[in-house]
Amino acid sequence: MSVTFALSSGGELLHRLHSHLKGYVGTDIAEPVVARLGTLGLPGVEVVRAAAHEINGDAVRVALADLGERPDCVLLNSVTQCFPSVEYLAAVLRDAIDAVAPGGVVIVGDVRHSGLLLEHCRSLEATDAAAESRAAADTELLFDPMTLAAVAARSNRSVAVSLYAKTLTADTELTRYRFDAVLHVDAPAGPAATVHAWDELGPDRAGALAALVAGDDPVRVTGIPNGLLRSVPGAESGASLRAVVEGTDSAVFLDPADPALLQVASPAEAAALPVDALAGVGRPHEPLGAFARARLVEVVRRELRRAGLPIPGQLTTRVPDGAGRDAISLAGSAAEADRAGRLALARTGRTGARLPADRAAQPVPDTALAHLPAAIRTFDEIALRALVALMSGVLPQGGSRTAEELVAALGTAPRHAWIVRRWLEVLSAEGLVRRDPGGRYEATAEPERAGDDGDDLERACAALGYPDEMAVFFRTALAHLPELLRDEIMAQALLFPDGDLLTSLSKDQHNVSNTYLNAALGHVLARAAATRARPLRVVELGGGAGGSTAAALDGLGDAEVDYLFSDVSRFFTMAAEDRFGDRLRYALLDINADLVAQGAERGGADVVIAANVLHCARNAGRSLRWLGELLAPGGLVVVTEAIREHYLVLATMQFLMSPREGQPDLGVGDRRGGTGRVFFTGRELPAELAEAGLRPILELPGAASPLAAPAQHLFVAAKL
């Protein structure tokens with residue numbers, strides 16, 4: 001590296017690095033430190049007084065200008081724990097990423113991992129309650145790889161992240177609960193590596209690892225239990241792994257999803273992950289909550305004492321959701337929202353299975369929902385059989401056709417051509433048709449006789465909590481795919497057979513997923529109302545038939561609220577006004593246009609709700625940025641979306657998503673671009689949120705729950 005820029009240098013690294021570099025600019029906020037280092041007279045070294053957020057300040061700019069080059073490295077070592085918030089971290093990292101030359105790095109060293117905070121405190125305390133109390137009171141900033149990725153995604157440059165594990169031989173807090181992150185800026189992608197699971201390396205895992213990294217091919221070995229944290233067979237420490245790979249171009253890394261697991265990559269560049277690959281819900285620990293809880297109670301007691309008033313024996317402080325939350329309360333909020341959703345399932349009986357009468361007041365357990373994955377598989381299988389049967393009529397055995405030829409052979413209306421192309425992609429991925437290198441499709445086998453799927457479809461619908469009318473719609477739509485493709489029958493006519501749009505749309509609002517997620521959404525709103533100045537300011541986008549609106553109002557109860565219900569259609573706003581009356585305000589807002597320009601107030605919302613509407617955006621990232629402009633500092637966005645493409649929906653309801661003539665396709669400017677998919681994946685949606693400056697802090701349901709099978713998820717994100 002030619003030039004390095006270090007924040008809060010203090011001098012510890014300066015003495016080790018300066019002789020290897022063309023130039024070094026260090027900063028520190030302490031004038032005596034700056035003065036002492038300045039008297040050393042080291043060539044190519046300049047130390048200036050500046051705080052971490054002053055990378056673009058005059059003192060730093062002048063010092064860097066004296067070196068004549070952009071730095072190849074910005075180093076923040078053992079300093080982020082002193083930052084006041086993730087917002088401050090984001091500002092510092094944004095400037096650091098902007099500062100480095102293309103191909104340079106930003107090193108964030110000695111990070112306290114928020115995912116290990118509670119484990120650290122358990123090692124120091126005798127009980128779980130004491131450990132949780134100690135963790136919540138921690139006054140330093142801790143974060144995890146997902147939070148780091150969300151922050152890095154806000155930059156305007158390409159960033160990949162390497163998560164280095166600590167490999168010191170000592171077993172201390174420094175080696176157990178910390179990691180180092182390297183952000184590679186505008187760097188070429190690392191080599192594609194063959195991935196090996198640690199458990200599959202045989203009885204002599206260390207020997208097998210040594211042989212792998214000694215070879216010429218890039219490799220990654222994953223799933224290595226960290227022996228400092230887990231006493232299990234096959235566990236290794238960072239130090240022991242480093243000893244195994246000594247002398248090779250390898251390094252030891254932290255598993256981005258599980259901090260108790262390690263990885264080894266050879267070469268080290270093979271472990272660098274784009275920020276999208278790290279996208280997800282982060283649970284940082286910010287010190288504001290701990291400070292507020294301790295300090296505000298002291299202030300209240302002092303003021304009560306001064307006023308001669310009695311002092312309650314118990315005083316508690318509640319910190320708003322979003323900015324300033326600690327990792328313990330973030331985890332608690334997720335658990336409480338999950339409980340609210342499960343209680344709603346028990347209360348309404350919408351589980352798709354019978355529950356004992358005494359369970360109505362208890363959260364529905366996973367055991368009562370174990371049937372959900374099988375019902376989803378049935379949906380997929382029925383849809384795939386119908387699509388294969390349709391394609392067999394235009395894709396005979398022994399022949400092949402391009403997608404365009406198949407679109408024409410089916411007589412597809414131009415606006416539905418994208419659906420046929422998407423069907424072909426799905427059938428190819430499922431091995432039900434074959435696509436040759438030239439882009440021609442051919443049948444792989446005789447189509448399976450579909451038989452009568454009606455009974456299976458009805459049982460699956462019932463298991464997922466759909467009313468009988470939805471089973472009728474799915475069955476009718478599958479039976480009329482040719483006519484739907486040709487626009488001879490409109491999907492709207494099948495879904496709304498009696499012309500009652502609101503009643504028909506309401507059929508899908510009380511299934512298992514929506515009942516669970518809407519109740520969780522209501523809980524999030526209630527928490528926000530309880531921890532913010534009244535009235536709570538809410539904007540709902542794409543309110544539609546009002547299912548999420550009703551759940552939000554149920555959650556809010558008697559809380560004072562300024563609630564703006566909006567939709568792109570006056571039909572829905574008028575229906576909502578009839579239903580909810582003057583408790584709400586109403587407006588026409590379109591997520592595909594600048595919301596402030598349409599009349600929404602900039603910075604005027606504490607919470608923005610976007611329930612099952614984001615997939616309608618032509619460019620979700622742009623829509624999310626417009627949405628973020630409505631939020632006050634620390635505001636929340638609450639999103640519900642499908643994060644998987646369900647084949648039954650793709651074969652039936654997707655006709656409702658075909659654009660009108662002259663309109664662009666959905667997702668042309670976001671992460672769906674070019675795929676033909678309507679819905680985002682579970683990685684793409686958090687990545688879109690993060691890039692728009694909305695940091696995901698909660699996601700439901702959990703991946704291990706049967707509730708995850710329908711792939712309808714709730715995301716809560718805080719404005720950076």
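**Salt bridges and helix packing in a predicted model**

Arg 459 and Asp 456 are joined by a salt bridge in which the closest N and O atoms are 2.5 Å apart. The structure in which this pair is found is a predicted model, and the values given here should be read with that in mind. Both residues belong to helix 16, which spans residues 454-463, and they are three residues apart, about one turn of the helix. The two partners fall into separate classes of accessibility: Arg 459 has a relative accessible area of 52% and is therefore exposed, since the class begins over 50%, whereas Asp 456, with a relative accessible area of 31%, is partly exposed.

Salt bridges that share partners also build a network elsewhere in the chain, and this one joins Asp 110, Arg 112, Asp 138, Glu 140, Lys 166, Glu 173, Arg 178 and Asp 180. Within it, Arg 112 forms a salt bridge with Asp 138, the closest N and O atoms being 3.0 Å apart. This pair links distant parts of the chain, for Arg 112 is in strand 5 (residues 105-112) while Asp 138 is in the loop between helix 6 (128-136) and helix 7 (145-152), with the two positions 26 residues apart in numbering. Arg 112 and Asp 138 are both buried.

A further salt bridge connects Glu 119 with Arg 230, and here the closest N and O atoms are 2.9 Å apart. The pair again links distant parts of the chain, with Glu 119 in helix 5 (residues 117-122) and Arg 230 in the loop between strand 9 (219-225) and helix 10 (238-244), 111 residues apart. Glu 119 has a relative accessible area of 21% and is partly exposed, and Arg 230, with a relative accessible area of 33%, is partly exposed as well. Over the whole model, the count of salt bridges comes to 38.

Returning to helix 16, its buried residues are Gly 454, Leu 457, Ala 460, Cys 461 and Ala 463. The elements that cover these buried residues include helix 13, helix 17 (468-479), helix 21 (512-530) and helix 25 (647-651). Helix 16 is followed by Gly 465, whose phi is positive, near 85 degrees.

Helix 13, one of the elements covering the buried residues of helix 16, also packs against helix 15. The axes of helix 13 (residues 372-392) and helix 15 (residues 417-429) come within 11 Å and cross at roughly 110 degrees. Because angles of 65 to 115 degrees count as roughly perpendicular, helix 13 is placed roughly perpendicular to helix 15. The crossing in which helix 13 passes helix 15 is left-handed. On the side of helix 13 the contact is made by Leu 384, Leu 387, Val 388, Leu 390 and Met 391, and on the side of helix 15 by Val 420, Trp 423, Leu 424, Val 426 and Leu 427. The residues of this contact divide into ten nonpolar, no polar and no charged.

Further along the chain, Ala 575 is found in helix 23, which runs over residues 570-580. The relative accessibility of Ala 575 is 16%, so this residue counts as buried, the limit for that class being under 20%. Ala 575 and Gly 544 are 31 residues apart in sequence, and their C-alpha atoms are 9.0 Å apart in space.

Definitions and conventions: Residues are numbered from 1 along each chain as its sequence is written. This is a predicted model: local features need pLDDT of at least 70, side-chain atom pairs count only at pLDDT 80 or more; totals for chains, interfaces and linings use all residues. Side-chain values use heavy atoms; hydrogens and water are left out. Axes are lines fitted to C-alpha atoms, for helices over the stretch in contact, and angles run from 0 to 180 degrees between N-to-C directions. Helices (H or I, at least four residues) and strands (E, at least two) are DSSP runs, numbered from the N terminus. Angles under 35 degrees count as roughly parallel, over 145 as roughly antiparallel, 65 to 115 as roughly perpendicular and the rest as oblique. A crossing is left-handed if the near helix is turned anticlockwise from the far one by less than a right angle, and right-handed if clockwise. Contact means heavy atoms within 4.5 Å. Ala, Val, Leu, Ile, Met, Phe, Trp, Tyr, Cys and Pro count as nonpolar, Asp, Glu, Lys and Arg as charged, and the others, Gly among them, as polar. A salt bridge is a side-chain nitrogen of Lys or Arg within 4 Å of a carboxyl oxygen of Asp or Glu. Buried means under 20% relative accessible area, exposed over 50%, partly exposed in between (1.4 Å probe, protein chains only).
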